[in-house]
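Dear colleague,

Please find below the structure that I promised to pass on to you. Have a look at it first, and then read the notes that follow.

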Amino acid sequence: MLTTSALLSRHPSAPFALEPVEIDGPRADEILVRIEAVGICHTDLVTRAAGAADRPVLLGHEGCGTVEAVGAAVDSVRPGQRVVLTFRQCGDCANCRNGRPAYCRKSVRLNNFGSRADRTPRITAAGAPVLDGFFGQSSFAGYALTTADNTVVVDPATDPVLAAPLGCGFQTGAGAVHNALRPGTDDTLVVFGAGAVGLAGLLAAVALGVSRTVVVEPNPTRRALALDLGASAALDPAAGDTVAALRDHTRGGASHCLDTTGSPAVLADAVAALAIGGTVVAVGLGAGTPAIDVRDIVLGGKTIRGCLEGDATPHTFIPHLLDLHAAGRFPIDRLITPYPHTDIESALADQHRGTTVKPVLTW
């Protein structure tokens with residue numbers, strides 16, 4: 001057992017509490033990682049607010065750090081390596097075998113506070129079990145216990161603050177463009193929402209050389225940033241008829257749309273803004289039913305599809321994105337603001353105001 005600090009959620013609406021916790025040593029299939037940086041993702045906040053019965057809860061699923069120790073059965077990772085932590089996958093189901101690990105048939109069990117097989121706690125606070133295992137890491141802490149399937153080895157010189165958001169948010173946005181939409185240089189892409197996921201998608205499109213990219217975002221600071229990052233246009237959805245404006249900016253309709261908002265109304269706008277044969281990919285986990293014209297879908301030959309974790313295979317895609325960044329083609333550093341983990345409430349406030357796109361906590 002070792003003692004470290006952790007940001008625990010003891011009530012859905014209460015601030016995170018920085019408390020000492022005890023972390024067990026790694027079992028045969030586990031990896032102990034010293035966390036150096038962890039991104040704050042919207043999923044962390046939604047899960048905190050969901051009101052899980054078991055408290056305290058330890059969240060965090062965009063961790064990056066250094067391997068401290070490995071269990072006897074782990075042979076793909078060794079102590080001293082820098083790693084990015086991502087989502088868990090079984091590796092054995094049909095989806096995993098077909099290169100679609102985000103749709104692993106055991107995903108819910110593995111990622112939604114998955115416990116050890118014998119139910120013994122990995123983490124305790126004052127002797128009481130902590131609900132952990134969020135995305136197989138719960139990395140809002142000084143250390144995390146992970147497994148080989150969600151631990152991605154990266155170059156030892158990799159900046160943890162830069163790499164941490166690749167575990168989920170940046171991987172989702174960039175992957176939705178690179179792996180799901182796959183626009184060509186002559187295509188047009190509209191991105192709805194200029195948060196971390198949407199702007200990562202924009203950067204991915206710019207890296208692919210997409211000829212025209214339009215961002216739809218209500219926050220003026222983020223619209224300005226989108227333009228600075230290479231967007232052809234940035235529209236305020238409150239300024240008027242968004243669909244008409246998009247059709248004008250895309251010369252009749254977009255070939256591709258990325259909806260990061262999870263809003264049914266926004267998804268409906270994205271579908272309406274597509275050109276004939278266009279595709280919209282939705283990555284936001286919202287609720288509700290969009291008002292979509294079936295005749296428009298059929299007569300326009302349009303496609304609507306969902307996308308989890310950027311349809312990525314993290315062990316290859318995360319290093320690829322780091323290579324793109326090193327080549328100057330994926331400047332995700334422009335999206336990141338680091339905060340000491342003791343300032344998490346300031347980070348959340350800045351993110352809520354829109355002045356920070358991607359807060360990353362340092363440990």
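How many bridges join strand β1 (residues 2-9) to strand β2 (residues 17-23)? Seven bridges join the two strands, which run antiparallel, and one of the partnerships sets leucine 8 opposite alanine 17 in β2. Here two strands pair if DSSP finds at least two bridges between them, while strands themselves (E, at least two residues) and helices (H or I, at least four residues) are DSSP runs, numbered from the N terminus.

Before going further, please keep in mind that this is a predicted model, in which local features need pLDDT of at least 70 and side-chain atom pairs count only at pLDDT 80 or more, whereas totals for chains, interfaces and linings use all residues. Residues are numbered from 1 along each chain as its sequence is written, and side-chain values use heavy atoms, with hydrogens and water left out.

As for the chain as a whole, its secondary structure comes to 12 helices and 18 strands, and the C-alpha trace spans about 60 × 40 × 40 Å along its principal axes. The radius of gyration, taken over C-alpha atoms, is 20 Å, which agrees with the value near 21 Å that a compact globule of 363 residues would have by the rule of 2.2 Å times the number of residues to the power 0.38. Of the 363 residues, 55% are buried, that is, under 20% relative accessible area with a 1.4 Å probe, protein chains only. If we take contacts (heavy atoms within 4.5 Å) between residues at least 6 apart in sequence, 69% of them join residues at least 24 apart.

Strands β1 and β2 belong to an open sheet of five strands, in the order β4-β1-β2-β7-β8, with antiparallel pairing. Its edge strands are β4 (57-58) and β8 (128-129), each of which pairs on one side only. In general, strands of a sheet pair through backbone hydrogen bonds, either parallel or antiparallel.

Strand β6 (residues 82-85) is also worth following in the viewer. Over three bridges β6 pairs in the antiparallel sense with strand β5 (residues 63-70), where cysteine 64 has valine 84 as its bridge partner. Three bridges also link β6 to strand β10 (residues 151-153), again in the antiparallel sense, and there valine 83 is partnered by valine 153. Arg82 and Val84 point one way from β6, Val83 and Leu85 point the other way, and all are buried. In a regular strand the side chains alternate between the two faces of the sheet.

Best wishes

How values were computed
Buried < 20%, exposed > 50% of the residue type's maximum accessible area, 1.4 Å probe, protein only.
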